Amino acid sequence: MSRRVTSGSVSVIMRSKNSAWVIGQALSGLFSQHRRDFELLLVDSGSTDSTLDIARRFPCRVIQIAATEYFPGAVLNKAIQQARGDILVFQNSDVVPLAPNALELLLAPLETGKADATFARQLPRPEAHTWVRRDYAQAFPSQGVPPSWMVYSLPFAAMKRAAWERHPFYEDAWGSEDTEWGHWARQNDVVARYVPEALVMHSHNYTLRQLYGRRFIEGEADAFILRDTVSIPTFLRRVCRSWARDAGAHLVAGDLLGLMLSLPRRWVYHWAYLRGHSLGERRKRTGSKDSSIGQRVVLDRG
């Protein structure tokens with residue numbers, strides 16, 4: 001059962017690395033919100049561009065760590081320990097609030113006792129590829145509830161500190177700390193509510209190399225979270241199904257180049273997931289606590 005939060009103290013935690021191309025927009029959007037009663041903690045993992053110079057134009061506390069020290073769950077847990085708020089807000093440095101009431105809408109279910117955690121609707125950037133647009137439309141509908149597999153998404157999200165204290169972000173695998181937390185919430189009568197009215201802009205046009213890294217760590221993490229197995233036949237079925245859906249979306253959009261690239265893209269997408277999942281299954285069998293392989297796979301690919 002959710003309880004009303006009355007103290008009103010809010011901490012925003014933002015993670016960054018070489019975000020100079022967008023962090024100014026993200027911070028301008030944050031500091032243009034109707035709600036301004038928050039502190040901002042910026043955790044930067046080794047930016048070499050002007051990210052920190054831009055960030056320091058805004059009131060914030062900066063925590064700097066080396067890129068090799070960046071393990072999402074552990075970094076978030078340490079940042080939260082330094083935060084003062086009873087409500088924790090998470091905004092990625094490449095997420096831009098699209099309206100001045102986005103934060104207000106995100107916080108309302110927490111402050112009225114209707115939820116323990118919330119997450120916003122993410123709209124793709126104008127330059128997003130067709131398949132990215134299709135995936136985002138499915139994951140973040142304009143109304144109602146998201147699909148069952150979308151349990152929580154941190155790029156713009158909030159939770160009560162009390163909820164985090166019950167279950168800090170997991171550190172078993174390098175990524176998907178939000179997905180693991182959302183599954184835990186669902187299994188423990190903790191309410192994580194989707195707020196489609198809270199609009200932000202966030203998407204990536206990953207290269208195949210970057211896509212491999214992202215999907216590898218998601219596969220590794222799912223082996224710990226879902227405790228399932230993935231086989232070659234499963235991989236092949238997923239490639240065929242997702243390619244068929246992509247083909248339809250590209251044809252409707254008249255995107256012939258995207259249509260030509262959709263099969264190799266989905267092959268990489270699911271192959272990386274399979275490889276990462278295999279690593280996760282092996283780590284579970286052997287009891288390995290080493291999540292550095294996933295870290296190297298994703299960081300080496302940018």
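## A buried salt bridge

Lys160 and Asp116 pair up in a salt bridge, with their closest N and O atoms 3.9 Å apart. Lys160 sits in strand β7 (residues 156-160), while Asp116 is in the loop between α4 (102-111) and β6 (117-123), so this pair ties together parts that are 44 residues apart in sequence. Both Lys160 and Asp116 are buried. Keep in mind as you look around that this is a predicted model.

## More salt bridges

The structure has 12 salt bridges. Some of them share partners, and in that way Arg134, Asp135, Asp246 and Arg266 are joined into one network.

Another one to look up is Arg84 with Glu39, where the closest N and O atoms are 2.7 Å apart. This pair also links distant parts of the chain: Arg84 is in the loop between α3 (72-82) and β4 (87-91), Glu39 is in strand β2 (residues 38-45), and they are 45 residues apart. Arg84 counts as exposed, at 60% relative accessibility, whereas Glu39 is buried, with a relative accessible area of 14%. Then there's Arg35, whose side chain meets that of Asp37 in a salt bridge (2.8 Å, N to O). Here Arg35 is buried, at 15% relative accessible area, and Asp37 is partly exposed, at 38%.

## Following helix α10

Helix α10 covers residues 256-286. Its 31 residues span 46 Å from the first C-alpha to the last, close to the 45 Å expected at 1.5 Å a residue. That doesn't make α10 free of bends, though: there is one of about 40° at Ser262, and a proline, Pro264, follows within four residues.

Both ends have a detail to check out. At the start of α10, a side-chain oxygen of Asp255 comes to within 2.8 Å of the backbone nitrogen of Gly258. Just after the helix, Gly287 takes a positive phi of about 75°.

## A nonpolar patch on the surface

Trp267 is part of α10 as well. Together with Ile232 and Leu236, Trp267 forms a nonpolar patch on the surface, and the three share about 280 Å² of accessible area. Trp267 itself is partly exposed, with a relative accessible area of 41%. Patch residues need over 30% relative accessible area, so Trp267, at 41%, clears that cut-off.

The other two patch members, Ile232 and Leu236, are four places apart in the numbering. In general, an α-helix has 3.6 residues a turn, so residues three or four places apart point the same way.

## Loops to look at

Around helix α8 (208-225), start with His202, which lies in the loop between β8 (192-201) and that helix. Is His202 buried or exposed? At 6% relative accessibility, His202 counts as buried. Its side chain makes a polar contact with the side chain of His204, at 3.3 Å.

Two other loop residues have unusual backbone angles, given that most residues other than glycine have a negative phi. Asp189 has a positive phi of about 55° although it is not a glycine. You'll find Asp189 in the loop between α7 (177-187) and β8, and Asp189 is exposed, with a relative accessible area of 60%. Arg227, also not a glycine, has a positive phi near 55°. Arg227 lies in the loop between α8 and α9 (232-253) and counts as exposed, at 64% relative accessibility.

Methods
Residues numbered from 1 in each chain as written. Predicted model: local features only at pLDDT ≥ 70, side-chain atom pairs only at ≥ 80, totals over all residues. Heavy atoms only, no water. Patch = residues over 30% accessible without salt bridge, like charges linked within 9 Å, V, L, I, M, F, W, Y side chains within 5 Å. Areas by Shrake-Rupley, 256 points an atom, 1.4 Å probe, with all protein chains shown as cover. Helix = DSSP H or I, 4+ residues; strand = E, 2+ residues; numbered from the N terminus. Buried < 20%, exposed > 50% of the residue type's maximum accessible area, 1.4 Å probe, protein only. Expected span 1.5 Å × (residues − 1). Bend = angle between axes of the 7 residues up to and from the residue. Polar contact = N/O pair within 3.5 Å; in protein donor to acceptor, adjacent residues only side chain to side chain.
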